Amino acid sequence: MQEIKVRNTTIRLVQGDITDIEADAIVNAANNTLQHGGGVALAIVKKGGRIIQEESNRIGFVETGKAALTTAGRLHAKYIVHAVGPVMGEGDEDRKLRSAVISSLELAEEKNLKSIAFPAISTGTYRFPKERCAKVMLRAITDYIEKIKPDTSIRLVLLVLFDEPAYRIFERELKAIRKQLRYFATRGFPL
Ligand code: AR6
(Lines give C-alpha, C1' and ligand atoms only; values in the text may rest on other atoms or scores of the structure.)
Protein backbone atom coordinates (compact mmCIF):
# COMPACT_ATOMS: atom_id res chain seq x y z
CA MET A 1 0.00 0.00 0.00
CA GLN A 2 1.35 3.39 -1.04
CA GLU A 3 0.01 6.74 0.02
CA ILE A 4 0.77 10.44 0.15
CA LYS A 5 -0.79 13.18 2.20
CA VAL A 6 -1.75 16.43 0.51
CA ARG A 7 -2.97 19.01 3.03
CA ASN A 8 -5.49 17.07 5.16
CA THR A 9 -6.27 14.43 2.56
CA THR A 10 -4.61 11.06 2.06
CA ILE A 11 -4.30 9.65 -1.46
CA ARG A 12 -3.85 5.89 -1.23
CA LEU A 13 -3.29 3.14 -3.79
CA VAL A 14 -4.90 -0.24 -3.23
CA GLN A 15 -4.77 -3.34 -5.39
CA GLY A 16 -8.05 -5.23 -5.65
CA ASP A 17 -11.69 -5.24 -6.62
CA ILE A 18 -13.37 -1.87 -6.09
CA THR A 19 -16.66 -3.53 -5.10
CA ASP A 20 -14.92 -4.85 -1.93
CA ILE A 21 -13.76 -1.40 -0.84
CA GLU A 22 -15.28 0.49 2.07
CA ALA A 23 -15.62 4.13 1.13
CA ASP A 24 -18.45 6.67 1.27
CA ALA A 25 -18.47 6.81 -2.52
CA ILE A 26 -17.35 4.32 -5.14
CA VAL A 27 -16.67 5.70 -8.60
CA ASN A 28 -17.90 3.72 -11.58
CA ALA A 29 -16.22 3.91 -15.01
CA ALA A 30 -19.48 4.52 -16.87
CA ASN A 31 -20.63 5.26 -20.43
CA ASN A 32 -22.78 8.21 -21.55
CA THR A 33 -26.05 6.32 -21.26
CA LEU A 34 -25.16 4.69 -17.91
CA GLN A 35 -25.78 1.19 -19.27
CA HIS A 36 -23.57 -0.85 -17.00
CA GLY A 37 -22.69 -3.73 -19.28
CA GLY A 38 -19.03 -4.61 -18.60
CA GLY A 39 -15.87 -4.09 -16.54
CA VAL A 40 -16.15 -2.15 -13.27
CA ALA A 41 -19.71 -1.07 -14.11
CA LEU A 42 -21.00 -4.63 -14.42
CA ALA A 43 -19.18 -5.70 -11.24
CA ILE A 44 -20.81 -2.80 -9.34
CA VAL A 45 -24.32 -3.56 -10.58
CA LYS A 46 -23.95 -7.32 -10.01
CA LYS A 47 -22.89 -6.88 -6.43
CA GLY A 48 -24.83 -3.71 -5.57
CA GLY A 49 -28.11 -4.80 -7.16
CA ARG A 50 -30.58 -3.71 -9.85
CA ILE A 51 -31.44 -0.49 -8.04
CA ILE A 52 -28.18 1.03 -9.36
CA GLN A 53 -29.15 0.36 -13.00
CA GLU A 54 -32.73 1.53 -12.34
CA GLU A 55 -31.60 4.85 -10.85
CA SER A 56 -29.10 5.22 -13.70
CA ASN A 57 -31.90 4.74 -16.23
CA ARG A 58 -33.81 7.56 -14.59
CA ILE A 59 -30.77 9.85 -14.99
CA GLY A 60 -30.47 8.86 -18.64
CA PHE A 61 -27.52 10.68 -20.21
CA VAL A 62 -24.24 11.99 -18.78
CA GLU A 63 -21.77 13.92 -20.93
CA THR A 64 -18.21 12.69 -21.29
CA GLY A 65 -16.09 14.35 -18.59
CA LYS A 66 -19.02 14.62 -16.17
CA ALA A 67 -20.41 12.42 -13.40
CA ALA A 68 -23.76 11.57 -11.78
CA LEU A 69 -24.80 10.01 -8.46
CA THR A 70 -26.93 7.02 -7.57
CA THR A 71 -27.31 5.11 -4.33
CA ALA A 72 -25.08 2.05 -3.86
CA GLY A 73 -27.58 -0.77 -3.22
CA ARG A 74 -25.95 -3.56 -1.22
CA LEU A 75 -22.38 -2.23 -1.55
CA HIS A 76 -20.55 -0.78 1.46
CA ALA A 77 -20.85 2.77 0.19
CA LYS A 78 -23.38 5.56 0.44
CA TYR A 79 -23.22 6.48 -3.24
CA ILE A 80 -21.97 5.37 -6.61
CA VAL A 81 -20.47 8.20 -8.64
CA HIS A 82 -20.88 7.33 -12.32
CA ALA A 83 -17.97 9.08 -14.04
CA VAL A 84 -17.84 9.10 -17.83
CA GLY A 85 -14.28 8.99 -19.13
CA PRO A 86 -13.18 9.42 -22.76
CA VAL A 87 -12.87 6.65 -25.33
CA MET A 88 -9.26 6.62 -26.59
CA GLY A 89 -9.13 8.25 -30.03
CA GLU A 90 -12.15 10.56 -29.69
CA GLY A 91 -9.90 13.60 -28.99
CA ASP A 92 -9.18 15.87 -26.03
CA GLU A 93 -8.90 12.76 -23.86
CA ASP A 94 -6.68 14.11 -21.05
CA ARG A 95 -8.94 17.09 -20.42
CA LYS A 96 -12.04 14.88 -20.41
CA LEU A 97 -10.52 12.38 -18.00
CA ARG A 98 -9.38 15.17 -15.69
CA SER A 99 -12.84 16.70 -15.82
CA ALA A 100 -14.51 13.34 -14.99
CA VAL A 101 -12.29 13.03 -11.90
CA ILE A 102 -12.93 16.59 -10.74
CA SER A 103 -16.70 16.28 -11.31
CA SER A 104 -16.68 13.11 -9.20
CA LEU A 105 -14.84 14.85 -6.35
CA GLU A 106 -17.26 17.78 -6.55
CA LEU A 107 -20.28 15.48 -6.26
CA ALA A 108 -18.74 13.76 -3.23
CA GLU A 109 -18.03 17.17 -1.74
CA GLU A 110 -21.66 18.28 -2.22
CA LYS A 111 -22.74 15.30 -0.11
CA ASN A 112 -20.09 16.12 2.47
CA LEU A 113 -18.43 12.73 2.05
CA LYS A 114 -15.12 11.86 3.68
CA SER A 115 -13.86 9.08 1.40
CA ILE A 116 -14.06 8.15 -2.28
CA ALA A 117 -12.61 5.24 -4.27
CA PHE A 118 -11.74 5.49 -7.97
CA PRO A 119 -10.90 2.78 -10.51
CA ALA A 120 -8.47 3.53 -13.38
CA ILE A 121 -11.17 5.24 -15.48
CA SER A 122 -11.15 4.60 -19.26
CA THR A 123 -8.27 2.07 -19.15
CA GLY A 124 -10.37 -1.02 -19.93
CA THR A 125 -12.95 -1.05 -22.71
CA TYR A 126 -12.06 2.58 -23.54
CA ARG A 127 -8.33 1.73 -24.10
CA PHE A 128 -6.79 4.79 -22.47
CA PRO A 129 -3.10 4.00 -21.67
CA LYS A 130 -2.59 3.27 -17.96
CA GLU A 131 0.57 5.44 -17.55
CA ARG A 132 -1.24 8.41 -18.99
CA CYS A 133 -4.30 7.68 -16.87
CA ALA A 134 -2.15 7.54 -13.70
CA LYS A 135 -0.61 10.92 -14.52
CA VAL A 136 -3.90 12.62 -15.35
CA MET A 137 -5.92 11.15 -12.47
CA LEU A 138 -3.29 11.73 -9.77
CA ARG A 139 -2.63 15.25 -11.02
CA ALA A 140 -6.36 16.04 -11.06
CA ILE A 141 -6.77 14.74 -7.49
CA THR A 142 -3.76 16.64 -6.10
CA ASP A 143 -4.80 19.84 -7.92
CA TYR A 144 -8.30 19.51 -6.50
CA ILE A 145 -6.98 19.24 -2.94
CA GLU A 146 -4.26 21.87 -3.29
CA LYS A 147 -5.83 24.47 -5.53
CA ILE A 148 -9.43 23.89 -6.55
CA LYS A 149 -10.91 23.07 -3.12
CA PRO A 150 -8.26 23.54 -0.41
CA ASP A 151 -10.94 23.28 2.31
CA THR A 152 -12.31 19.97 0.94
CA SER A 153 -14.30 17.68 3.25
CA ILE A 154 -12.72 14.64 1.57
CA ARG A 155 -10.10 13.05 3.81
CA LEU A 156 -9.32 9.89 1.85
CA VAL A 157 -9.07 9.26 -1.89
CA LEU A 158 -8.45 5.64 -2.83
CA LEU A 159 -7.28 4.50 -6.24
CA VAL A 160 -8.18 0.87 -6.66
CA LEU A 161 -6.13 -0.96 -9.27
CA PHE A 162 -7.40 -4.30 -10.40
CA ASP A 163 -4.08 -6.02 -11.06
CA GLU A 164 -0.45 -5.82 -10.05
CA PRO A 165 0.87 -4.22 -13.30
CA ALA A 166 -1.69 -1.40 -13.01
CA TYR A 167 -0.83 -0.95 -9.34
CA ARG A 168 2.90 -0.66 -10.21
CA ILE A 169 2.18 1.98 -12.85
CA PHE A 170 0.20 4.11 -10.40
CA GLU A 171 2.85 3.54 -7.74
CA ARG A 172 5.57 4.98 -10.02
CA GLU A 173 3.48 8.05 -10.69
CA LEU A 174 2.60 8.56 -7.03
CA LYS A 175 6.31 8.41 -6.16
CA ALA A 176 7.04 11.09 -8.77
CA ILE A 177 4.33 13.31 -7.27
CA ARG A 178 5.65 12.72 -3.76
CA LYS A 179 9.10 13.91 -4.91
CA GLN A 180 7.64 17.06 -6.43
CA LEU A 181 5.64 17.80 -3.27
CA ARG A 182 8.82 17.41 -1.14
CA TYR A 183 10.73 19.67 -3.51
CA PHE A 184 8.14 22.41 -3.26
CA ALA A 185 7.67 21.92 0.49
CA THR A 186 11.36 22.72 1.04
CA ARG A 187 11.71 25.46 -1.58
CA GLY A 188 8.27 27.03 -1.63
CA PHE A 189 5.59 26.63 -4.29
CA PRO A 190 5.98 28.67 -7.48
CA LEU A 191 3.61 31.63 -7.63
N1 AR6 B 1 -12.36 -3.28 -9.56
C2 AR6 B 1 -11.38 -2.41 -9.92
N3 AR6 B 1 -10.97 -2.23 -11.19
C4 AR6 B 1 -11.58 -2.97 -12.14
C5 AR6 B 1 -12.61 -3.90 -11.86
C6 AR6 B 1 -13.01 -4.04 -10.50
N7 AR6 B 1 -13.97 -4.88 -10.13
N8 AR6 B 1 -13.01 -4.47 -13.02
C9 AR6 B 1 -12.26 -3.93 -14.01
N10 AR6 B 1 -11.38 -3.04 -13.49
P11 AR6 B 1 -13.62 -0.59 -17.64
P12 AR6 B 1 -13.65 1.95 -19.14
C13 AR6 B 1 -10.39 -2.17 -14.17
O14 AR6 B 1 -13.65 -1.34 -18.91
O15 AR6 B 1 -12.40 1.62 -19.86
C16 AR6 B 1 -18.07 -0.72 -19.41
O17 AR6 B 1 -18.70 -1.65 -20.23
C18 AR6 B 1 -9.99 -2.59 -15.56
O19 AR6 B 1 -8.92 -3.52 -15.50
O20 AR6 B 1 -14.48 -1.03 -16.53
O21 AR6 B 1 -13.82 3.33 -18.58
C22 AR6 B 1 -18.93 0.49 -19.11
O23 AR6 B 1 -20.29 0.16 -19.06
C24 AR6 B 1 -9.57 -1.26 -16.19
O25 AR6 B 1 -8.19 -0.99 -15.85
O26 AR6 B 1 -13.96 0.98 -17.89
C27 AR6 B 1 -18.57 1.40 -20.26
O28 AR6 B 1 -19.31 1.12 -21.42
C29 AR6 B 1 -10.41 -0.22 -15.46
O30 AR6 B 1 -10.99 -0.91 -14.35
C31 AR6 B 1 -17.12 1.12 -20.54
O32 AR6 B 1 -16.91 -0.21 -20.10
C33 AR6 B 1 -11.52 0.40 -16.30
O34 AR6 B 1 -12.09 -0.56 -17.16
C35 AR6 B 1 -16.17 2.01 -19.79
O36 AR6 B 1 -14.85 1.66 -20.13
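Helices and strands here are DSSP runs, numbered from the N terminus. With that naming in hand, the loop between β5 (79-84) and α3 (93-110) is easy to place, and Asp92 is found in it. Keep in mind that this is a predicted model.

Asp92 is a good place to start, since its backbone does something a bit out of the ordinary. Most residues other than glycine have a negative phi. Asp92, though, has a positive phi, near 60°, and is not a glycine. Arg7 is another such case: its phi is positive too, at about 50°, and again the residue is not a glycine. Arg7 also belongs to a loop, this one between β1 (2-6) and β2 (9-15).

Next comes the ligand. Which pocket does the ligand take up? The space it fills is the largest pocket. There are 20 residues around the ligand, and the ones that come nearest are Val40, Ser122, Thr123, Gly124 and Thr125. Sorted by type, the shell around the ligand has eight nonpolar residues, 10 polar ones and two charged ones. Helix α1 (residues 39-48) gives the most to this shell, with four residues.

Some contacts with the ligand can be picked out atom by atom. Asp17 places a polar side-chain atom 2.9 Å from a nitrogen atom of the ligand. Asn31 also uses a polar side-chain atom, which lies 2.9 Å from an oxygen atom of the ligand. With Thr125 it is the backbone that takes part: one of its N or O atoms lies 2.9 Å from a ligand oxygen atom. How much of the ligand does the protein bury? Taken alone, the ligand exposes 710 Å², and 90% of that is buried by the protein.

Finally, there are the charged pairs. Side chains of opposite charge can pair when their charged atoms come close. The structure holds 15 salt bridges. One of them joins Arg50 and Glu54, whose closest N and O atoms are 3.1 Å apart. Why are these two separated by about one helical turn? Arg50 and Glu54 both sit in helix α2 (residues 50-59), and the separation is about one turn because they are four residues apart there.

Methods: Residues numbered from 1 in each chain as written. Predicted model: local features only at pLDDT ≥ 70, side-chain atom pairs only at ≥ 80, totals over all residues. Heavy atoms only, no water. Near = heavy atom within 4 Å. Polar contact = N/O pair within 3.5 Å; in protein donor to acceptor, adjacent residues only side chain to side chain. Areas by Shrake-Rupley, 256 points an atom, 1.4 Å probe, with all protein chains shown as cover. 1 Å grid on protein atoms, 1.4 Å probe; cavity = no way out; pocket = protein on both sides within 12 Å on 5 of 7 lines; lining within 4 Å. Sits in = over half its atoms within 2 Å of the grid points. Nonpolar A, V, L, I, M, F, W, Y, C, P; charged D, E, K, R; others polar. Salt bridge = Lys/Arg side-chain N within 4 Å of Asp/Glu carboxyl O.
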